[in-house]
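Work through the exercises below with the sequence and the model at hand. Try each task before you read its solution.

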Amino acid sequence: MTARPGDPAQERLRRWRLVLGGAAADGTGYELSGQDAGMDGALTALYGRGDKPQTGKDRSAGLGASAPSVARWLGDIRTYFPSSVVQVMQRDAIDRLGLSTLLLEPEMLEAVEADVHLVGTLLSLNKAMPETTKETARAVVRKVVEDLEKRLATRTRATLTGALDRSARVSRPRHHDIDWNRTIAANLKNYLPEYRTVVPERLIGYGRASQSVKKDVVLCIDQSGSMAASVVYASVFGAVLASMRSISTRLVVFDTAVVDLTDQLDDPVDVLFGTQLGGGTDINRALAYCQAQITRPADTVVVLISDLYEGGIRDEMLKRVAAMKASGVQFVALLALSDEGAPAYDREHAAALAALGAPAFACTPDLFPEVMAAAIEKRPIPVPEAM
């Protein structure tokens with residue numbers, strides 16, 4: 001049975017046929033042709049195997065383990081599907097079919113559609129990557145990083161510049177620097193009902209951020225395997241923050257060891273290739289290092305990005321957070337910095353941090369500038385409602 005153009009019932013059958021895969025029991029009785037048949041073949045190669053080993057003619061539908069067959073398949077899916085779908089299918093192919101090792105071949109890297117998740121996979125393979133592949137891998141990572149910077153940098157700089165301006169409160173502001181909302185709130189007792197106005201005895205304003213350093217920001221990033229996307233986004237944001245003269249930025253990554261990558265912040269690609277995804281987690285050790293770097297606690301924001309599965313000393317970790325907050329540090333705990341929402345995380349540790357006044361929540365890249373602005377201005381952090 002083939003579809004008649006414009007027939008809604010036949011179009012539904014076509015879609016169901018593509019979803020169900022054409023097994024004998026799919027019940028559609030629908031035959032695919034042309035581009036639909038090619039699309040079906042690409043889907044079957046990835047999703048049509050189930051848990052059964054491929055034998056006989058079924059092998060023609062699978063990807064096998066050869067680079068040429070995967071290269072053809074990558075070309076097919078880019079022909080049949082939009083970029084967002086291609087990225088999902090590539091991710092599934094890596095997970096379901098164990099194609100990670102093929103990403104160590106330059107021709108494979110040149111064929112894939114690069115995204116944040118692919119970058120995470122490449123970083124996890126970094127130590128096993130042959131020299132012939134590293135240059136191609138860096139080019140792939142750089143393309144993704146540059147795209148992220150274009151998307152995030154302008155808004156981040158604008159949002160944080162405004163927050164820095166507002167955080168520099170002055171008691172005798174110039175007229176155009178008056179914060180009218182705060183001024184009115186502070187002078188409500190001077191309301192004159194007969195004139196329906198407030199007499200501002202005390203003006204509150206904010207100065208303009210100068211070229212001097214106004215805030216210190218420490219990004220403390222868990223580089224365990226589950227945090228791959230967060231490491232990518234945090235590295236990009238770290239580079240953006242480091243480009244702002246009014247913010248002194250330090251970037252620290254950790255597993256059971258602690259590595260300070262601050263001197264590489266001018267190039268987030270160098271930062272990413274300086275990480276080592278996987279391994280254990282010692283949050284306490286990482287926070288101890290960050291705490292030792294703080295010289296101006298009242299002007300410091302510490303951002304811990306971790307799923308909070310602590311392999312170190314839990315009580316000491318919490319004591320360090322409490323001590324930093326007591327000294328005036330603004331402490332933010334992010335379970336993830338990615339578009340996927342909260343991963344699996346240690347709920348007991350998240351609750352303990354919340355009890356200390358540091359709620360732990362997942363943050364999207366688009367929300368991160370607002371979170372940082374709130375921390376800089378020392379106002380409540382905009383925690384997403386889902387949390």
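Helices here are DSSP runs of H or I with at least four residues, numbered from the N terminus. The model is a predicted one.

**Exercise 1. The lining of the largest pocket**

Task: State which helices supply at least two residues each to the lining of the largest pocket, and describe that lining.

Solution:
1. Begin with the space itself: the largest pocket holds about 390 Å³.
2. Its lining consists of 21 residues. Nearest the centre lie Gln87, Ala114, Asp115, Val116 and Val144.
3. Now assign the lining to helices. At least two residues each come from α4 (83–97), α5 (106–111), α6 (116–124) and α7 (131–167).
4. Helix α7 gives the largest share, with 6 residues.
5. Sort the lining by residue class: 10 residues are nonpolar, 3 are polar and 8 are charged.

**Exercise 2. The surroundings of strand β6**

Task: Find which strands pair with β6 and in which sense, parallel or antiparallel.

Solution:
1. Locate β6 at residues 247–254. Of its 8 residues, 6 are buried, so the strand is mostly covered; buried means under 20% relative accessible area.
2. Take strand β5, residues 215–222, as one partner. The two strands run parallel and are paired over 8 bridges. One point of contact is Lys215, whose bridge partner in β6 is Ile247.
3. Follow the chain between these strands. Helix α9 (residues 228–242) joins with β5 and β6 in a right-handed β-α-β unit.
4. Take strand β7, residues 258–260, as another partner. Here the pairing with β6 is antiparallel and has 3 bridges.
5. Look at the connection: β6 passes into β7 by a hairpin of 3 residues. Across this pairing, Phe254 faces Val258 in β7.

**Exercise 3. A salt bridge between two helices**

Task: Explain why the salt bridge of Glu370 and Arg155 ties together parts that are apart in sequence.

Solution:
1. Check the contact. The side chains of Glu370 and Arg155 form a salt bridge with an N to O distance of 3.4 Å.
2. Place each residue. Glu370 belongs to helix α14 (residues 368–377) and Arg155 to helix α7, so the pair ties together parts 215 residues apart in sequence.
3. Compare with the cut-offs: a residue between 20% and 50% relative accessible area is partly exposed. Glu370, at 29%, is therefore partly exposed. Arg155, at 38%, is also partly exposed.
4. Set the pair in context: the whole structure has 19 salt bridges.

**Exercise 4. The partners of Asp299**

Task: Identify which residues form salt bridges with Asp299, and decide whether each is buried or partly exposed.

Solution:
1. Find one partner, Lys215: the closest N and O atoms of this salt bridge are 3.5 Å apart.
2. Place the pair in the chain. Asp299 sits in the loop between α11 (283–293) and β8 (300–305), while Lys215 sits in strand β5, 84 residues apart.
3. Find another partner, Arg296, whose side chain meets that of Asp299 in a salt bridge of 3.8 Å, N to O.
4. Classify the residues. Lys215 has 7% relative accessibility and so counts as buried. Arg296, at 28%, counts as partly exposed. Asp299 itself is partly exposed, at 27%.
5. For a further case of shared partners, turn to Glu11, Arg14, Arg15 and Asp36, which salt bridges join into one network.

Key:
Residues numbered from 1 in each chain as written. Predicted model: local features only at pLDDT ≥ 70, side-chain atom pairs only at ≥ 80, totals over all residues. Heavy atoms only, no water. Buried < 20%, exposed > 50% of the residue type's maximum accessible area, 1.4 Å probe, protein only. Pairing = 2+ DSSP bridges. Right-handed = clockwise from strand over helix to strand, strands pointing away. 1 Å grid on protein atoms, 1.4 Å probe; cavity = no way out; pocket = protein on both sides within 12 Å on 5 of 7 lines; lining within 4 Å. Points joined across faces, edges and corners; volume = space filled by probe spheres on them. Nonpolar A, V, L, I, M, F, W, Y, C, P; charged D, E, K, R; others polar. Salt bridge = Lys/Arg side-chain N within 4 Å of Asp/Glu carboxyl O.
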